Amino acid sequence: MPTTFNVNGNPVTLDVDPDMPLLWALRDHLKLTGTKYGCGIAQCGSCTVMLDGFAARSCVTTVGDVAGSQVQTIEGVESAAARAVQQAWTTLNVAQCGYCQSGQVLVATELLENTPKPTDEEIDAAMGANICRCATYARIRKGVRAASDSLEA
């Protein structure tokens, strides 16, 4: 049975097993490869997407779960916070290998959309569920802080 949902502002209908992880539907069927496979058990955050405005792990979210929902991937995330985060990441060279960064950017965006002036503790709490194997956590915090500051200006 086909499942219809919206991805990056566009309606899509996929005739796939509704138990298929959203990650595979995005990557294999919609060719949106910015969302990465990391651990497959929602522990690392590389597969993070925005689902109805909230960060969600696409490796454990099924296609059936998103019927009628709005999904944003790194390719389509748009907001003042998202632009500020992406600009800060570029300016500060936050990414090292970059593999986890789409998930990091989406979680940072969600944080700033809900908490425009986060404390370092709030940044660490929000970003702590996303693993960066290059350990760029100090640069990630600095990037979130810079994005927050730019939103204030």
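User: What makes the contact between the side chains of Arg 141 and Asp 124 a salt bridge?

Analyst: A salt bridge needs a side-chain nitrogen of Lys or Arg within 4 Å of a carboxyl oxygen of Asp or Glu. Arg 141 and Asp 124 meet at 2.7 Å, N to O, so the pair fits the rule. This is a predicted model: local features need pLDDT of at least 70, side-chain atom pairs count only at pLDDT 80 or more, and totals for chains, interfaces and linings use all residues. Side-chain values use heavy atoms, without hydrogens and water, and residues are numbered from 1 along each chain as its sequence is written.

User: Why is Arg 141 called partly exposed?

Analyst: Buried means under 20% relative accessible area, exposed over 50%, partly exposed in between (1.4 Å probe, protein chains only). Arg 141 has 31%, so the middle class applies. Asp 124, at 37%, is also partly exposed.

User: What makes Lys 117, Asp 149 and Glu 152 a network?

Analyst: Salt bridges link them. Lys 117 meets Asp 149 at 3.2 Å, N to O, and Glu 152 at 3.4 Å, N to O. Lys 117 lies in the loop between α3 and α4 and Glu 152 in helix α5, so that pair ties together parts 35 residues apart in sequence. Helices here are DSSP runs (H or I, at least four residues), as are strands (E, at least two), numbered from the N terminus.

User: Is Glu 152 buried or exposed?

Analyst: Exposed, with a relative accessible area of 59%. Lys 117, at 39%, is partly exposed.

User: How many salt bridges does the rule give?

Analyst: Four.
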